[in-house]
Each structure stands twice: as structure tokens, then as C-alpha cells.
There are 4 protein chains.
Amino acid sequence: MDSPVRIAATDAHDQPVRTPDLDELYRGFETELLVPLWTEIGDLMPARPVAKALPHLWRWRTLLPMAEQAGELVPVGRGGERRAIALANPGLGGRPFVTPTLWAAIQYLNPREDAPVHRHTQNAFRFVVEGEGVWTVVDGDPVAMRRGDFLPQAGWHWHGHHNRSDGPMAWIDGLDIPFQHYADATFFEFGPDEVDTRQDPALSRSERLWAHPGLRPLTHVRPTPATPLLAYRWEHTDRALAEQLALEAEGYPATVEPGHAAVRYTNPTTGGDVLPTIRAEFHRLAAGTSTRQRREVGSCVFQVFDGTGEVTVGAERWTAERGDLFAVPSWQPFTLATETGLDLFRFGDAPIFERLHLDRSSDEGAGT
Amino acid sequence: MDSPVRIAATDAHDQPVRTPDLDELYRGFETELLVPLWTEIGDLMPARPVAKALPHLWRWRTLLPMAEQAGELVPVGRGGERRAIALANPGLGGRPFVTPTLWAAIQYLNPREDAPVHRHTQNAFRFVVEGEGVWTVVDGDPVAMRRGDFLPQAGWHWHGHHNRSDGPMAWIDGLDIPFQHYADATFFEFGPDEVDTRQDPALSRSERLWAHPGLRPLTHVRPTPATPLLAYRWEHTDRALAEQLALEAEGYPATVEPGHAAVRYTNPTTGGDVLPTIRAEFHRLAAGTSTRQRREVGSCVFQVFDGTGEVTVGAERWTAERGDLFAVPSWQPFTLATETGLDLFRFGDAPIFERLHLDRSSDEGAGT
Amino acid sequence: MDSPVRIAATDAHDQPVRTPDLDELYRGFETELLVPLWTEIGDLMPARPVAKALPHLWRWRTLLPMAEQAGELVPVGRGGERRAIALANPGLGGRPFVTPTLWAAIQYLNPREDAPVHRHTQNAFRFVVEGEGVWTVVDGDPVAMRRGDFLPQAGWHWHGHHNRSDGPMAWIDGLDIPFQHYADATFFEFGPDEVDTRQDPALSRSERLWAHPGLRPLTHVRPTPATPLLAYRWEHTDRALAEQLALEAEGYPATVEPGHAAVRYTNPTTGGDVLPTIRAEFHRLAAGTSTRQRREVGSCVFQVFDGTGEVTVGAERWTAERGDLFAVPSWQPFTLATETGLDLFRFGDAPIFERLHLDRSSDEGAGT
Amino acid sequence: MDSPVRIAATDAHDQPVRTPDLDELYRGFETELLVPLWTEIGDLMPARPVAKALPHLWRWRTLLPMAEQAGELVPVGRGGERRAIALANPGLGGRPFVTPTLWAAIQYLNPREDAPVHRHTQNAFRFVVEGEGVWTVVDGDPVAMRRGDFLPQAGWHWHGHHNRSDGPMAWIDGLDIPFQHYADATFFEFGPDEVDTRQDPALSRSERLWAHPGLRPLTHVRPTPATPLLAYRWEHTDRALAEQLALEAEGYPATVEPGHAAVRYTNPTTGGDVLPTIRAEFHRLAAGTSTRQRREVGSCVFQVFDGTGEVTVGAERWTAERGDLFAVPSWQPFTLATETGLDLFRFGDAPIFERLHLDRSSDEGAGT
């Protein structure tokens, strides 16, 4: 065993000639908890991002039965907190991280079940690809969850879920767990074992105050870091997308590109992203649409909401259907195409990069 | 008459003894275009704002007939540009300024008439207290105007109006004309004599893109100084206010104070005010409500939209009814009260003061 | 006397034909405190800013003797507060306003005299074109005033001045008095009749904390609306300008234009303007330099600090010397030229326009 | 081998009873790249941050000789780029990461040597604990490096170093390499093999333009994400700290706490941190000073610049001397104490947390 210093094959030509003195120096480095740049630079400072996370697609038709089986075998309660099953990116060593920064899980609640109340610094949201019957209760405000709804919930707010219906319900949770875990920023606190209200209103109080276009209640007139609106309903999202495509059909400019409509969910107090670390969007491709190839610094996850399409991420290519989720690692080129129309929910970590001035995309012609 | 230096009565005791030498110095000041502080300080630096503008109320039942008569006698066209009749605050020397910073006018359009296209740096809006049938066309986007609608239009955008209907229509224009006139910031440009589209859609393109709660089209993802949303419809405003009062009735905190609901119109790209110089709000008082007395730096105008109420501004007190407008000068205390319920539209110059860190209100216990 | 409605000559062609009915309508307008737009639009909405303020130059050799005479004849004390003599723009009706928004005055203090302590919402600064010996005491911090120093002092801070020396001292005060007077934003409060410290340190505490390039004390790590630094010393300003010209001489790009160096005084907590309503800069022209003609929305005042130059503002042209002050009204073209070198202090109201998105300059090719 | 699902000991009590069905489900999870929350939550969502990084101190008297030896054995040149030896936190698996987000290395340049020109998205700085003779050339601007100087250099700017002297020189590099590596945000580009200028001015052009307190050149009047000032000289830092302690001795409030002075290096265009991801500060403890215990979300590194002190981080305690570096992981309590006086340079990742609203400190009484 000559040297503890790891040298990547691609860097071999750059390395100093190994001599006994150098080997001894390298051993000294190891003893003293030091690592030279010149042996690591190929890995640490590549010409462009080389994500360890891999493009991957998870099938809804696989996920949902497993969640159902977990519903039979695994109780939900204090300690485990949630019957949530996370996507583990194959490039990330078996950790429950769909990308280095993001968590995506299917969560499942049996009829009449409660997921206990807690709070944590992680920013979170739920997105419902099918089903209904569960209310998530955020700071005492019960928020109905229905197909197509996007339900953000900023860090450090109390929340629990309860299923008011006689059927089970599954949905998707997205959080910045991996990022906060990496950055050692996590705080967590237990609340009551059951949610503190059994009310099941169609609209949460947050919506009654905030879900009026362009209007803000005078209750709070300062910006808040995360959105005070706890539900973005499918009917609004669907209408916004339909209007964009209708305008394009009438001859006005397309929103993103021909046949491609999209909305970003925003914090009405700032116009910016709903959550400090997470961006969420909904994309609709008209029948016969292909998107231009694009790559971006930062990672994201798509879930097919409706329709069928061909997805290409890096060297991977899949036909994706309702409920399927796929991960797009940083700087991997991706395209979407559909013959019959495709609706996709998307979330990603773009706010982290934009706020730190590290955002970059292929649109800028930069980098690659 | 010896001295040109004006001395306010209240300052007399502070003035230096008049001598021939002092009189000669004062004459020298006048010749050299100089004015001493010590003779002016009482006017220039009062202990608290002493607005020259006066509290005043204009009756809709007076305004509307005059506008109708102007509709008979005064053509609308290039040069005069608009058949608009402005409120002239009695404290401001006959100028068409409802307050030092704000313009408020009733505008009137006969059936099938056009108001020609132009653009100007002044920020503007329209508010409709009754009637319909006119479309304002902003940068080619026709925007229907109906009772209860608020229609902002940022400076330097092309706009004209046309009346598609067989009846006349009147509405209120609000602008920052006095402020920009004072500050010498005004640019103005003529466009075509007629609006460039005769379309009469129920919804403008701006609404189809932007009037979805919490959603922004990916067309533009940067903040804009003024709102891209050209119409804030009554149905949304009404629902938002009704929900606030309903929540209060259910036991949740009132938005402003007991019985007092209010929304602010906002720029969805920032969450801030719709226009860089103008704030707009809608207030609803439930039957039997009196507001707490309040004073603020900066001026504003209210228009009663519905109901009847008692209004007190400074030493003035009026019973105000539908369509009536009243001005609240800077730092004048004001209260609203109603036995049967009162809906009011409000606009003011608060963004000017907030952006310059000159805002202050009686809530802060400051000043007075 | 037929009609109370004022019609500008230039608008005459646009006016409706006068008939008895129209005259009666116009009389009705007057009675009801209404003014039509169509008779006023020429004045209110010109194609480009038509400032009432006029270009004007005040000679230091006139100002200073008058201030000296005031020093003999007018005591300084409570009530009058300051022995300050303000420049009254000839276009502004005899008011002590150098432009619509700005106040500029020469202030004069006899040996051992005090100007009493007060505070006001107006933002203020002092600039010293010659002399020394006075300390301005801001919130208890004594700040020496010397030739070339710029001494900002944000609204609502206590301040008084005292002359420690055996000679008199004169300097320039700049404030936003006219703006706050116009906008009814003024609060004022008396403090002690004498300043609360007789200390005469060379450096104020604010400088000891804040005048280190790029460094901020951890005392305060949040932005403040106005600068916490109470003195910008001539030695720093002079060196910064000398370096800019030296760099240009070494072949690097000129800061503003060939031969023209300039610095802006900034708030170190934001990098922005020193005061919310006032911008301050210092400009140096090398011998043989002429500036490009420029116009800007907003007004400013220059004071010659050193050297001699030819100044053109609108249709006016002067040879300006040390101490001379001249006003540049909004959108008036101006140029500076010097054969032997020229140093100028400048202050203006640009922050008002930038924060309200009303700034515009001839550089943008806009407007005119 | 029963189950692939990893279960932390502390969570064992929360886990569902293992049955053949559950084991099969767990095997299915593994096959499908899924991981349940309930087995991971203890690690992922602790009650407060549990940093993997450990408190650790590296001795300058160890580092410097190793760097010198590397100077003999390892050439510096294209490919390896820099003779930099990084501190590898013992909790981070041998990676050259001093904390999860930060890189700290000693860099060494022999007499007359060049480190080749390159650029990268990583934000960087150098800090000089001793020595001189090297110029770092940033975008063609040669910047002298001397004891006590802090030299930031924003991402994506060209830079190389050259040693003009006859002696070697060592200094500290700080970068956000681990963060950008984690987040897959890295771009890198090679420039020339030698720096493009051999000039050795005492002051860089950036300083000649920007190092004047409170003054900005009119060259650029917009905020930039990172500082344009390339050197913060020791003389300024030292004077700022001396003044803070002198003011405290005169009876004014201490900057941080009794006996503890500190400055933050700032971007003069914003007043905020010098780099988007890195905060840098300098702290001075007077003789006989102990700091209050403090903990913060986010990690940092201190280097002793002068003096000797007792450092406590978490359960570790060291006597630290000139040049010694120690890491403070997230939420680890730390205190500093000195009998004879202590000067410390500090850098950390606080901007990441503040911009994402994840900052928290023990001062807020939050968390544990």
C-alpha cells in the first residue's frame, strides 16, 4: 500500500512523479488531516457540473401498490411520523434523496387515520396526483387535498394530516430534507399526536384570505419568506394553462415555446418562489409538442399529472404516464415530447442557486 | 413698505429687531434671490404636517350631471384627449389637484365614442362606480370596464378608450399628475386618434395570463415596477371582502379591526403596490362599524362604492353615499362609521412616502 | 368676465366653441371645485418636462458678505434656529427653494456661537467650501467640519452646531425641505438650546466606526435607510478623484468620460445613496475637459469647490468660480468645461425619481 | 440477511414489528430504489442540527512545514493548478472539506513561481497570516498580498498568482468548493499558463477605484453580487478594530460584547457580504476577554492572526496560536478567551443560510 492519496485516473498525467519523499509527504498529509488539491481537482472542479445523481424514473404503478402494502403493514404514528416512502436516486448511495437537495416521497393514509402533528425547519409541499379525502392541518387551518392541488407549507409551521374519508389516499411530498441535512440546518419538534381540528371545509382559511388574484388582505402587508397561501387549486392551474394555450391559438406569443404553457406557483407577498428553497411549476404540452433541449444548474423532479409523453434526460429515455416521477440532475439536458398532450408538475431547487448567484442555464449559452 | 421679507404672525416673536441695517440686508437678499430661514421656518418646518389641502367631499349626484352635460357640449378628441373633469381641492388654489400629489376626475364617454390613444409617464388607474360598455385598450389589449372593477395602467403604456355600447359611461380616473407636474417628470406622446382594436372580450389578455391566484405565467419571471394585470374584477374583490367578514364572524381575527375588512390591490410580480406612486385598496365596513381614528403622512381619496356612512376628516363631517368622493390630506385624522354597511374604494400616495422612508402613522404613536 | 376656466394660449385651438351653455357649465365647475382636463392638459401633460425652476447661478462673492452681515445683525437662537440664508430660484415665486425639491443655503456661525439642538424629518447635509472651526453634534457625536468635507445627517436625528474657534465659519446646507413641505411630511422637535458636548475631536465616533473602506462594525449588520457615517473627509474624496484621473492617464477607461472623474457619496450599509431623498457626488474635470451635454429628470445643484469653468445650463452660460452655486432644473441640458481644471460638489434629488421609477436621462435616448 | 433497510438504534422502538411480509416489502423498496421515512427520520430530522463535521484544530507549525516540503516535491502548473493543501475535517470521510460547505487550504508559491490563470464558479478569497511578495492577478489587475490582507475574488473571474520575490510565500485560500461540489454548480475554465502582467504595484486598480470609505466611483452604480474591491488591507482592518476598542475604553458601547471588537468585510456596492456564499470577518479580543458562548446554524473557520487564546468548540478545547485554524461545525457552541489579547480572522457560510431564511443562532433563544 503506497499512498493514501486518491488519484482519479483522468488526472494521472498531471500528478508529480511518485518518490519515497512524496509518498512520505502524502502519508503526513493523511496523518494531519490534509488533502492536496492537485490530486482532487478533477473531481472537485470539473469543467461543468458532473452530477452524481442519475436521471431516473419511478413508475406510479409500482409506487402506489407498495404504498398500499405499507398501509397494511406499517402503522403511522409518533416517532415514525409519516407513512412516506422516498425515492432514492441510484447515484446517491441508497440515501432517500431524489436529488442531492430534494426529497420526494409517496405518502399514504388509511381511512380515518391521522398523521401526528409536528414542525420542522424543512420546507415542504404536497402535490396530489389522484384521490381526495385528506385534510392537512397547518397551524390549525384545515386544508383539503384534491387531485391537482399544490399545497406548500413553509418550514417551522405545525402540521398534521387526517383522512376524513372511508378510502385511503396517497399523494406526493416534496421537501428540502437532503439540503438541510447536508447543511446541518434541521430543527424538529413534536406536536400533538392527533390534529387539533376535525373540520373539513372545502376551502382553508388561508385561501379565503389569500386566493384572490392580485389582492392581499390588509392583515399582513409585509413580505414573508414563504407563501401564506396553503393551497393552489387545480381549477386555477388548469384554467391558467388553458388560457395560455388559447392565447397562443389566437396568435399571441407562446408562454414558453410553441405548444408549451407553464405557470410558476408564487408567494403572493413577493411574487417570488413559494418556498425559500423550492420552486414549483406546472407545465402543459399541447398534443404534438416537443420542447427544446435545455439544461440548468440545479436539479428538479417532474411528475406526470395527465397524458403520456416521451422524456429524455441525459442518456435516458422513457415513456412516462400518469403518476410517474423522474429526476433531472444538474446540467443534464432534458426534453419532453408528446403526441397526445401532457400535463406535468415540476419542483426543483432553483431558488437556492438564484439567491446565491449560481444559477445558469443553457439558454445563456454559457458553460458547456 | 420697507421689507420684502414675509414674516408669519406666529413667528413674529422670534424675529430680530428691525433696524435700517437689517432692512437693507433684507432688500439685498431680495435682489440676490435669497431668503432667510429664520423668517420662514414656521411655515417650512412645522411641528407636524400642516397640509394646505383641505378635507373636502364631492357629491356624485353633482358630478355625474355635470359630466353628462359636458358629454353634450364638449367633444372628445386629439388635443383635449379626454372628457375628464378633475376635483380641485379648495386648499390648492384652484388647480385640478385633489391632493398635492393626486389627480381624481370623472371621465365620460358617449355611446360609440373613442378617446384617442396616447401615453404618458403618469401612472393611472380607472375605477368604475357604475355602468359598463367601455373598453380601455392598453398596448393593444382591450379591457372591459364594469362596476366595481379597478383598472391600473402604468406610466408610458399606450392606451385609449372606446365605448362599444349604446349608452354613455362614466368612471373615475386617478393619476399622479400633480406629483409628476410638481417634480417635472412628465413625458407625453400622441398615438393614433382611434383605438387600434374593436374587440370586446369579457376578459383582457392580461387577465387571462395573470388573474390566477398565486400563479404567474413563465412569460415573465422578473419583477416589473408596475402590475402587468390590467383589471382587478369586482367579483374577486367582493368575494375577498366577504370572506374576511365571514372569518371574523366565525371567530377569527378581524383583518383591520372589528367589522372592518380590506384588501390592497397588488402587483403580482412583487406583492407590492400596483403602481410605483399609487396605492389602491378596497374597504368594507359591516353594519354598525366605526373605525378607529387614524392619521397618516401622505394623502388619499375615498370613493363610496355602496352603502351610506358618516365620514369625519379633520374638522369636517359628512354623510357619504354611493359615488361620493372625499379627500384626506396628510396627517388629518379620519374615521368612518356606518349603521347599514359601507363599501369604499381608496387610493393614495403611500408608496411615495414608504419608498423614501417618510411614512408615518398615528399607529406608531409618533409625531403629533 | 365670461369664464373662470383658464385656457393656455397654446391650447386655444383645441378648445370647444364657447357658447352660453358651455360658459354656464364652466361656471358650474368652478362652483363645485372642478376643473376640466381639456383646458389644462397643455400645462399638466407636456411632451417633456417644462420646469418652472430656472437655471440660475449665485456668486459666492455675493453670498458670503451677506452672510457676514447677517452675522452682525441677526442673532442665532431658539425659534429662528439657524442663521441660514437660502437660495430662491427665480422661477419659484420667491420661495426659498433652489429647485422644487431642494433647499440650499449658506449658514454662518460667529466665533463661540451655538446653533440650538433640534430634529426634523427633513434629510440634510452640510458641505464646506472653506473654513473650519465648527463641530456639528449629531445625536451627541461631535463632527468637525473642514474644507472639502461632506457631512450628511439623516432625518429625525438630533443635531446642533457650535463654533469652537475665534473666527466665524460659513458653509452650505442642503436639505429636502421643499419636497417635504410640498408632500406634507414634515415633523419637527426642539432639543436643548445648546449642544450637549463641547468636545472637539478630529474624528467623530461615526467615522471611527464606519470610515474604513469595505469594513463594517458588527454593531449593526442591517441596512439603514440613511448613512451612519457622518463625515466624508476631503482627503478621501480628493484621493479617490486623483486616482481615477491617474488610472485614465495610465490608459485605463475614464470613470465618466475623458478627463472627467467622479465619486458618489454612499451609505455603507447599502451601497446606495447617503440619504433617502438626496444624492451627493463630487466631480473633477482635468484641465482642458468639456463634458458631454446631458439632461436628466430631476434637479440638482452644483457648487464649485476649486478652479474655474464654463457652465451651460439650458440657455444660460456662466463662468463659475470657487464657491459659486448653480441650479440645474429637470431636463435642462447642461455641460461643464474648464481650461485649467475644475472641482465641483453636486447634490440632487435623483433617489426620489429612481425609487419611483421616474428616472430618465438623455443617455437613454428617451423622451426629448 | 434479513432486511436492507437501515434502522438507527435510537429509532428501534418506533419501528413496526418485523414480519415476513414487512421484510418482503422492504426488499421491494430496495429493488425499486425506495426508502421509507420511518426508518430514517432519526437521522434526517433530528431535533437540532447534528453535524457530521467535527470541531478540529490544525496547527500552523504543522501546516507550514508540509507546505514547504510540497514546495520542494510538487511542481505547480497546468492541471494541478495550485500547490494548495486542504484541511480535511475528520468527520467528513477524508474529503478535503473543512466543513460541509467550505474549503480551507494553505497555498505555497516558491520564489519567482507562477500559479497558472484559470477561472471557476467557486467563490474564493485569500488571507495572509504572514509573508509577502506574491501578486494575485484578477482579470488583469495585480493585487499585492501582505500579512493581514483579505483578498476576495468572486466566482468566474480569471486569476493567477505570481511570486515576484526571492522568498517563498504561503497563505490561506478559502472557497465554497464543497458547497458547489455538493450542489453540482461548478464550471471551470483554463486561462494562460502564466499571469498576463508582471507589474507589482502596491495598490491594485480595484483599490484605487474602490478603497475610499463611503465613496463609489461613477464607473458602476449598480449593485454587483460580489465585491469589486480586491484587497482589504491590514492597516484599515487594524485601525477599525483599534478604534472600536478605544471607543469602548472611552465609555461607549462595545461592538460585540465587552472587550470584543469585530468588523465584517463587505461588498461596497451593497453593504452585504463580500461573496454570495461566504462571509468574512475579523475579530479582536482585548486582553482578559472571554466571549459569551454562542451557536449558529452554519459552519465557519477561524484562523488565529496574532496572540494566544483558549478556544472551546463543542467538547473540544485548545490553546490556539498564530496561524492555527479551527473549524466550528453547525450549531456547535463556541467560546473564545484570551489573557493577553487575540486577533482572529473568520470566514463562514452564513450568507447561504440567511438568503434561504435558514439562519438561526442561540441569540434568538430558538431551537434548543
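Colleague: How many residue pairs are in polar contact across the interface of chain A and chain D?

Modeller: Keep in mind that this is a predicted model. Across that interface there are 24 such pairs, with both residues at pLDDT 80 or more.

Colleague: Which parts of chain A make up the side that touches chain D?

Modeller: Several helices and strands each supply at least two residues, including α1 (20-31), β1 (34-36), α3 (60-73) and β3 (84-87). With seven residues, α4(A) gives the most to that side.

Colleague: And by class, how many nonpolar, polar and charged residues has that side?

Modeller: Chain A has 53 nonpolar, 19 polar and 16 charged residues there.

Colleague: How many salt bridges does the rule find between the two chains?

Modeller: To call one, look for a side-chain nitrogen of Lys or Arg within 4 Å of a carboxyl oxygen of Asp or Glu. Here the rule finds four across the interface of chain A and chain D. Try A:Glu40 and D:Arg95, whose side chains meet at 3.2 Å, N to O.

Colleague: What area is buried between chain A and chain D?

Modeller: About 7600 Å², and carbon and sulfur atoms give 71% of it. On chain A's part, A:Tyr182, A:Asp184 and A:Phe187 supply 10% of what that chain buries against chain D, more than any other three residues.

Colleague: Which strand of chain D is joined to β3(A)?

Modeller: Strands pair when at least two bridges are found between them. In this case three bridges join β3(A) to β1 (residues 34-36) of chain D, and the strands run antiparallel. To find one bridge by eye, start at A:Leu87, whose partner in β1(D) is D:Leu34.

Key
Residues numbered from 1 in each chain as written. Chains lettered and ligands numbered in written order. Predicted model: local features only at pLDDT ≥ 70, side-chain atom pairs only at ≥ 80, totals over all residues. Heavy atoms only, no water. Buried area = accessible area lost by both parts, 1.4 Å probe. Polar contact = N/O pair within 3.5 Å; in protein donor to acceptor, adjacent residues only side chain to side chain. Helix = DSSP H or I, 4+ residues; strand = E, 2+ residues; numbered from the N terminus. Nonpolar A, V, L, I, M, F, W, Y, C, P; charged D, E, K, R; others polar.
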